[in-house]
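Please load the structure in a viewer and keep the selection panel at hand. The tour proceeds by selection, one region at a time.

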Amino acid sequence: MTLFSTAQYNGRGTRRPRHGHMMPLLLASTIAAGAIALVAYLLWPTWEPDASSSPARLPVSIGATLFNVPTAAIRMKIQRHSGPQERVDLSFAYPSLEAPDAPKHVSTDTLDEAVQPIDRIFLSISAHHDSLAPDTRFRTIYPRYLEQASIPGQDGLTMRAFRDGTPYSNEDLFFANTPSLNARCTRDAMTPGMCLSERRIDGADLTFRFPRSWLAQWHDVANAMDRLTVQLHGSGG
């Protein structure tokens, strides 16, 4: 009886607590988690895109025609890459022709302050795929829909109205020779009229858009479009 009691006591005294096996595992897990956190912290800056590293200009091929485009002037983020593209949409501050500043955040409290007159000239460059050239359309298509009478404007600018019921009704055609300008403009209504002027360079068509009110200084607008063409392509076409 005494022997059995002593053996039973010795067996209980040598049994190790279960939680003793968990301590090394918990310690190892803590060390591993700390190591992972340290590595993640050290590598995190490399995962973030560095906006400052974006090039100031991008070589873009549109209709197999090379353009050197200011990155900040591209309106759509998906188009901000070099190489072949079907179309690129740009905007430039006028009259400086610099890439515009990034748009400011607009809230309901600042909405009225954010509405300002248009001070940008918009440009779309797209592959024409052998469609009718802008100058051909000006010579052969538009005259079919124009009123016979022309209205002389200031400093050599001439206007002819499109007839009602034609594909270009409620629009007017403006043209001049020195400097050269051809523009189709909507008339002022609930919204201010806008003008569209097109030109072709090799495999691409350039479409400029600007407010009709700018025609009061049409020489400056025509020269601005010429300068932009040279800046982007290096020649007047």
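The stops below run from the whole chain to a sheet, a pocket and several backbone features.

**The whole chain**

Begin with the entire protein chain in a cartoon representation, bearing in mind that this is a predicted model. The cartoon should present 5 helices and 11 strands. Colouring by accessibility is a useful second view: of the 237 residues in the protein chain, 32% are buried. For the contact pattern, consider pairs of residues at least 6 apart in sequence; 51% of such contacts join residues at least 24 apart.

**The three-stranded sheet**

Next, select residues 57–62, which form strand S1, together with strand S2 (65–70) and strand S3 (83–85). In which order do the strands of this open sheet lie? The order is S2-S1-S3, and the pairing is mixed. S2 and S3 are the edge strands, each pairing on one side only. From one strand to the next, the twist averages 40°.

As background to this view, strands of a sheet pair through backbone hydrogen bonds, in either a parallel or an antiparallel sense. Here, S1 and S3 are paired in the parallel sense, over 3 bridges. To inspect one of the residue pairs, display Ile62 and Gln85: Gln85, in S3, is the bridge partner of Ile62.

Now add residues 218–233, helix H5, to the selection. Helix H5 packs on the sheet and touches S1 and S2. The direction of H5 makes about 105° with that of S2.

**The second largest pocket**

Keep H5 displayed and move to the second largest pocket, which has a volume of about 420 Å³. Which residues lie nearest the centre of this pocket? They are Pro134, Asp135, Asn182, Glu198 and Arg199, from a lining of 20 residues. Centring the view on these five residues is a convenient starting point.

To see where the lining comes from, show helix H4 (134–141), strand S9 (181–186) and strand S10 (194–201) alongside H5; each of these four elements supplies at least two lining residues. The largest share, 5 residues, comes from S10. Colouring the lining by residue class gives 9 nonpolar, 4 polar and 7 charged residues.

**Two cis peptide bonds**

The remaining stops concern the backbone, where most peptide bonds are trans and most residues other than glycine have a negative phi.

Select Tyr94 and Pro95, which are joined by a cis peptide bond with omega of about 15°. Pro95 is in the loop between strand S4 (87–93) and helix H3 (111–114).

Then select Thr178 and Pro179, where the peptide bond is also cis, with omega near -5°. Pro179 is placed in the loop that runs between strand S8 (171–176) and S9, and S9 has already been displayed as a contributor to the pocket lining.

**Two positive phi values**

Return to the sheet and select Ala64, in the loop between S1 and S2. Phi of Ala64 is near 60°, a positive value in a residue other than glycine. Is Ala64 buried or exposed? Ala64 counts as exposed because its relative accessibility is 77%, and the cut-off for exposed is over 50%.

Finally, select Asp155, in the loop between strand S6 (151–152) and strand S7 (158–161). Asp155 likewise is a residue other than glycine with positive phi, near 55°. The relative accessibility of Asp155 is 56%, so Asp155 counts as exposed.

Key: Residues are numbered from 1 along each chain as its sequence is written. This is a predicted model: local features need pLDDT of at least 70, side-chain atom pairs count only at pLDDT 80 or more; totals for chains, interfaces and linings use all residues. Side-chain values use heavy atoms; hydrogens and water are left out. Two strands pair if DSSP finds at least two bridges between them. Axes are lines fitted to C-alpha atoms, for helices over the stretch in contact, and angles run from 0 to 180 degrees between N-to-C directions. Contact means heavy atoms within 4.5 Å. On a 1 Å grid over the protein atoms alone, a cavity is a set of points where a 1.4 Å probe fits but cannot get out, and a pocket is an open set with protein on both sides within 12 Å along at least five of seven lines; lining residues have an atom within 4 Å of a point. Grid points are joined across faces, edges and corners, and a volume is the space filled by probe spheres set on the points. Ala, Val, Leu, Ile, Met, Phe, Trp, Tyr, Cys and Pro count as nonpolar, Asp, Glu, Lys and Arg as charged, and the others, Gly among them, as polar. Buried means under 20% relative accessible area, exposed over 50%, partly exposed in between (1.4 Å probe, protein chains only).
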